[in-house]
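The exercises below concern a single protein chain. Please attempt each task before reading its solution.

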Amino acid sequence: MTLAVLGAASILPTTVVAQPPAYLTQWPAVLPSGVAADGSGNVYVTDPVNSHVQKFTSTGTLLTQWGSTGAGPGQFAFGNLYGVGVGGGEVYVTDTGNNRVQVFSPGGTYLRQWGTPGTGDGQFNFPDAVAVDAGGNVFVGEYGGNRIQKFTSTGAYLTQWATPTPVGLAVDGGGAVYVAGGPDQHVRKFTGAGTLLTQWGSAGAGNGQFDQPYGIAVDPAGNIVVTDLYNNRIQVFTATGGYLWQWGTTGSGNGQLNNPFALAVDASGNVYVADFNNFRIEKFGSSATPTSAMSWGRLKQRFR
């Protein structure tokens, strides 16, 4: 008996089925508010309760930690320690309550700082997120000032632009800056000089909608990975805002989320999520490229 397939024209086009990344592991972290990964796969986490920055291996082994409560060099304001970014072999931390950026070696040695309270150039009103581009320029999201400020790696002020309540920042390999936040539930894409290129998002729980976009990162494929804070999920987009896929449900089980604040993507594409209200960091595999699955439609078969 042979199988003959007739009516080839009735076969529907190939469709794309998204495969979410695999849950890999987790480790405890006290109310993690910021997370970053360096080129060696180490993971940095801000702990606002203990005024610490913690450094882990990619599997969650604690390597070192630093910081204490206060306003001196290497200290942080209690309960107000948020963003962390890496670049040029240094670690940049937004000391939010002290309205400054502090810079450390990867081992936690204090190097320098800049910023004072205020609204002028180089001053801060609740600096939240931080990101570093390939040239070493440092972008700081100023939640209270509704703006992004751009600095050199040593803290020299370069420029600024307005954007509402920025809480997440990321920079791609071409220097474009992605900002999450705002009452309009948007992700915005700017040039490195602050020109708006595109924006996307709206309020809701559908694909491409948000209930507070918060953490944001760029994966090795150039896709934009965003934490959807109160929908307890991660969404992935193209660099121009095209919705690709998502993962995550509400809960405390493996792969579930309860207010995912920040996230980071390492050089291999692994995703680290600061699962704030579950007091942990969760690690997922590469934010996988959707795989192809054939939709056969009205396939006519004849046996003979």
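The following three exercises, with worked solutions, refer to this predicted model.

**Exercise 1. The chain as a whole**

Determine how many helices and strands the chain contains, and what share of its residues is buried.

*Solution.* Step 1: the count gives zero helices and 28 strands. Step 2: the chain has 304 residues, and 51% of them count as buried. Step 3: the accessible surface amounts to about 12,200 Å², with carbon and sulfur atoms contributing 53% of it. Step 4: among contacts with a separation of 6 or more, 45% are between residues 24 or more positions apart.

**Exercise 2. The setting of Thr94**

Establish in which strand Thr94 lies, and decide whether Thr94 is buried or exposed.

*Solution.* Step 1: Thr94 belongs to strand β9, which spans residues 90-95. Step 2: the relative accessibility of Thr94 is 0%. Step 3: buried means under 20%, so Thr94 counts as buried. Step 4: leaving aside residues up to four places away in sequence, the contacts of Thr94 include Leu81, Tyr82, Gly83, Arg100, Pro127, Asp128 and Val140.

**Exercise 3. A four-stranded sheet**

Identify the edge strands of the open sheet with the order β20-β21-β22-β23.

*Solution.* Step 1: the pairing in this sheet of four strands is antiparallel. Step 2: β20 (213-218) and β23 (243-247) each pair on one side only, which makes them the edge strands. Step 3: neighbouring strands of the sheet are turned against each other by 20 degrees on average, direction ignored. Step 4: β20 is joined by four bridges to the antiparallel strand β21 (residues 224-228). Step 5: Val218 has Ile224 in β21 as its bridge partner.

Note on methods:
Residues are numbered from 1 along each chain as its sequence is written. This is a predicted model: local features need pLDDT of at least 70, side-chain atom pairs count only at pLDDT 80 or more; totals for chains, interfaces and linings use all residues. Side-chain values use heavy atoms; hydrogens and water are left out. Helices (H or I, at least four residues) and strands (E, at least two) are DSSP runs, numbered from the N terminus. Buried means under 20% relative accessible area, exposed over 50%, partly exposed in between (1.4 Å probe, protein chains only). Contact means heavy atoms within 4.5 Å. Two strands pair if DSSP finds at least two bridges between them. Axes are lines fitted to C-alpha atoms, for helices over the stretch in contact, and angles run from 0 to 180 degrees between N-to-C directions. Accessible areas come from the Shrake-Rupley method with a 1.4 Å probe; for residues, only the protein chains shown count as cover.
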